[in-house]
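Please take a moment to look over the sequence and the model together before reading on. The paragraphs below go from the whole chain to two single residues.

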Amino acid sequence: MQVKENNTVKVNYTGKLSDGQIFDSSEGEGREPVEFTLGQGQLIPGFEKGLIDMKLNEKKTITIPKAEAYGEVREDLKQEVQKAELPQNMEPEVGMGLVSKTPDGQEMNLRIVEVKEETVVIDANHPLAGKDLIFDLEVLEIK
């Protein structure tokens with residue numbers, strides 16, 4: 001049996017950057033394999049593409065170029081805001097995450113990338129934007 005489009009699969013994975021740094025894994029403490037149906041856009045395109053034609057219990061390593069992962073870093077997603085607009089009693093630090101609501105009520109995850117005297121620069125890019133990703137995959141189940 002091989003993984004095909006629209007199959008539901010259960011997969012163990014470890015995601016790494018090109019320097020070997022692990023950013024996510026299904027095999028950590030309290031973690032479980034990911035289960036999803038291909039073709040529904042739940043995961044980045046390169047991850048799904050890498051699973052096609054894999055066999056049950058097969059293991060392989062794939063490299064996903066940034067175009068099939070989280071894309072390029074977009075400068076238009078960075079914005080400078082007054083510290084006064086941040087939640088009260090918050091001491092902004094580089095790397096700190098924030099959640100903002102769009103006018104239509106959707107939540108957006110932001111990160112502080114620079115702290116200045118009166119302002120902070122926030123970034124709505126995905127933290128992995130602009131990076132090629134490497135995944136070790138193991139197919140545990142094909143439905």
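What percentage of the 143 residues of the chain count as buried? In this predicted model, the share of residues that count as buried is 32% of the 143 in the chain. The surface can be described as well, for the chain exposes about 9,100 Å², and carbon and sulfur atoms supply 46% of that area.

The overall dimensions come next. Along the principal axes, the C-alpha atoms fill a box of roughly 60 × 35 × 30 Å, and the radius of gyration of the chain is 18 Å, whereas a compact globule of 143 residues would have one near 15 Å.

If you now follow the chain along its sequence, you will meet 1 helix and 9 strands, arranged in the pattern β-β-β-α-β-β-β-β-β-β. Contacts also link parts of the sequence that are separated: when those between residues at least 6 apart are considered, 62% of them join residues at least 24 apart. As for charge, the chain carries 17 positive and 28 negative side chains, and the centres of these two sets lie 5 Å apart.

With this picture in mind, turn to glutamine 2, which is found in the segment before β1, the strand that covers residues 8-17. Is glutamine 2 buried or exposed? The answer lies in between, because its relative accessibility is 31%, and partly exposed is the term for values between 20% and 50%. Once residues up to four places away in sequence are set aside, glutamine 2 touches Asn7, Asp53, Met54, Lys55 and Ile142. One of these partners also appears in a polar pairing, since a polar atom of the side chain of glutamine 2 lies 3.0 Å from the backbone oxygen of aspartate 53. Glutamine 106, by comparison, is 104 residues from glutamine 2 in sequence, and their C-alpha atoms are 37 Å apart in space.

The second residue to visit is threonine 37, which belongs to strand β3, made of residues 34-37. Why does threonine 37 count as buried? Its relative accessibility is 19%, and buried means under 20%, so threonine 37 falls on the buried side of that cut-off. Leaving out neighbours within four places in sequence, threonine 37 is in contact with Asn6, Asn7, Thr8, Gln42 and Glu48. With threonine 8, among these residues, the link is also a polar contact from side chain to side chain, at 2.7 Å. Asn7 is therefore worth finding in the model, as it touches glutamine 2 and is also in contact with threonine 37.

Technical notes. Residues numbered from 1 in each chain as written. Predicted model: local features only at pLDDT ≥ 70, side-chain atom pairs only at ≥ 80, totals over all residues. Heavy atoms only, no water. Helix = DSSP H or I, 4+ residues; strand = E, 2+ residues; numbered from the N terminus. Rg over C-alpha atoms; globule rule 2.2 N^0.38 Å. Buried < 20%, exposed > 50% of the residue type's maximum accessible area, 1.4 Å probe, protein only. Contact = heavy atoms within 4.5 Å. Areas by Shrake-Rupley, 256 points an atom, 1.4 Å probe, with all protein chains shown as cover. Lys, Arg positive; Asp, Glu negative; His and termini not counted. Charge placed at Lys NZ, Arg CZ, Asp CG, Glu CD. Polar contact = N/O pair within 3.5 Å; in protein donor to acceptor, adjacent residues only side chain to side chain.
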